[in-house]
Amino acid sequence: MNQHSVRRLPVDTGTSGWEAISTRGFPTQTLENDVRADWLVIGAGFAGLSAARRLSQLRPGEKIVVLDATEVAKSTAGRNSGYMIDVPHNLSSGEYSVADEKSTLLEIEQNRLAISFAAEAAAEYGMSKETFDPSGKINAAASERGLKLNDNYSRSLERIGEKSELFDAKQMREITGSDYYRGGLHTPGAVMIQPADYIRGLVSGLGPKIELYERSPVLELTRQQKHWKARSGRGTVTAPKVILGVNGHVESFGYFRHRLMHVFTYASMTAAFSPDQIRKGVTGVDRWALLPADPMGATVRKISSGGRSRIVIRTRFTYDPSLEVSAKRVAGIAAEQRRSLDARFPGLERLPFEFSWAGALCLSRNHVPAFGELEEGLYSACCENGLGTVKSTLAGMMAAELATDTESPNLEKYKSQPKPSRLPPEPLAWLGINSVIRWQELRAGREG
């Protein structure tokens, strides 16, 4: 008998604005009994729900149970910036550079496979453009260094046949209403999502194809003969095969220990405003999405619905292997974000933040997923390397194909990746990783 006790659960600090403004269209159900299923998926985020959807396609009619420790979209999946990006986007590299042609083309192919899967779900489940918008994205530059990074990125994309368009300061001002930016680089293949609405849309669309139990954290996972049994507070689920879609939390189950970097990033969302409240034109067109030219800079989005708009800003990274950050830290970084937003939009200086929150990322040193069959009948679709919307979608799809013995050229390519490499021992890892992060953030300068 193989037994895994889960002795810690991730802590979500602050209320995500995405979740707070999202509408939920299905009831909450907690696991209260002993349930038997054909499939158990642990985690109702991008990986878990993508795995469940793919399982429903590959094994229609089989019983799929999904367990989530909190409520759908309240945890990590509802705390990101909402970018589904197709082109290279390695946060840890210091710039969005293109690697060797073969590996880069494979990464783009896999990212687009995930985006296509998500687009099919969005169309099938009737998601609105406000939830799923294939608008592309802009890497915004506010400094000479940022302009150079964009130019280098554009040239590297051109070398592999990828389209992009450089914007000047005037074009950026027309889009955003701000004089802060000196240029931008537009790539057309990205999709902007409202992450909480998208995740809840997946649940609603899957409907009777799955049984979802929320507020039902797995506290123990045990292998008995040919079945796995997951124990929560008031019930159990028994199934022959289990897929873990829990990102960095997989380490709490005893797997990939000392191989995963648990990094938090931080975001704030303004109160809603109308053009009458804010000087006309101060925030540009109705919707736009800016990534920083330097990966350690500020991500800024404007969203609009029903004549009301909000701005979301994401800055700062910290390495926290405890899987928990304090409310005090979130508040302190929100104050920094206030200054950053005011520098870009002086006309918004009296517009308060309504929500501030932290969100967890999981990265590996060698930028690979924590994927594969861990034990007989137990599969991992974890470690999204800072691009959870796309990478976790892909991992969930591939885990479902692996678990069902589905032969697929995409799976063959995906599972050929190495395992995450080991980290230095603590406290060396904490000191080293946080030092590198802080140095890169300082180097980002005006982009932050």
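In which sense, parallel or antiparallel, do β6 and strand β10 (residues 191–193) pair, and over how many bridges? The legends below take up this question first and then turn to other parts of the structure, which is a predicted model.

**View 1. An open sheet of three strands with the order β5-β10-β6.** The pairing in this sheet is antiparallel, and β6 and β10 follow that sense over two bridges. One residue pair that can be picked out in this view is Phe 132 with its bridge partner in β10, Ile 193. The strands β5 (83–84) and β6 (132–133) stand at the edges, and because each has a single partner strand, one side of each is left without a neighbour in the sheet. As background for this and the next view, strands of a sheet pair through backbone hydrogen bonds, and the pairing may be either parallel or antiparallel.

**View 2. Strand β14 (residues 236–239) is covered on both faces.** On one side of β14 lie Thr 236 and Thr 238, on the other side lie Val 237 and Ala 239, and all of these residues are buried. Strand β2 (residues 34–36) runs parallel to β14 and is joined to it by three bridges, with Asp 34 standing opposite Thr 236. Strand β13 (residues 227–231) pairs with β14 in the antiparallel sense, here over four bridges, and in this pairing Lys 229 stands opposite Thr 238. β13 and β14 together form a hairpin, with four residues between the two strands.

**View 3. Ala 73 has a positive phi in the loop between β4 (64–67) and β5.** The phi of Ala 73 is about 80°, although this residue is not a glycine. Is Ala 73 buried or exposed? With a relative accessibility of 4%, Ala 73 counts as buried, since the cut-off for buried is under 20% relative accessible area.

**View 4. His 367 has a positive phi in the loop between β20 (353–363) and β21 (370–375).** The phi of His 367 is about 60°, and His 367, too, is not a glycine. The relative accessible area of His 367 is 24%, so this residue is described as partly exposed.

**View 5. The peptide bond from Glu 426 to Pro 427 is cis.** Omega for this bond is near 5°. Pro 427 has its place in the loop between α9 (409–414) and α10 (428–444).

**View 6. The whole protein, with ten helices and 22 strands, sets the close-up views in context.** The radius of gyration is 21 Å, close to the 22 Å that the globule rule gives for 448 residues, and therefore the protein is as compact as a globular protein of that length. Taken along the principal axes, the box filled by the C-alpha atoms is roughly 65 × 45 × 45 Å. Of the 448 residues, 58% are buried. Among contacts between residues at least 6 apart in sequence, 78% join residues that are at least 24 apart. The accessible surface comes to about 18600 Å², and 50% of this surface belongs to carbon and sulfur atoms. The protein has 57 positive and 51 negative charges, and the mean positions of these two sets are 3 Å apart.

Conventions
Residues are numbered from 1 along each chain as its sequence is written. This is a predicted model: local features need pLDDT of at least 70, side-chain atom pairs count only at pLDDT 80 or more; totals for chains, interfaces and linings use all residues. Side-chain values use heavy atoms; hydrogens and water are left out. The radius of gyration is taken over C-alpha atoms; the globule rule is 2.2 Å times the number of residues to the power 0.38. Buried means under 20% relative accessible area, exposed over 50%, partly exposed in between (1.4 Å probe, protein chains only). Contact means heavy atoms within 4.5 Å. Accessible areas come from the Shrake-Rupley method with a 1.4 Å probe; for residues, only the protein chains shown count as cover. Lys and Arg count as positive and Asp and Glu as negative; His and the chain ends are not counted. The place of a charge is taken as NZ of Lys, CZ of Arg, CG of Asp or CD of Glu. Two strands pair if DSSP finds at least two bridges between them.
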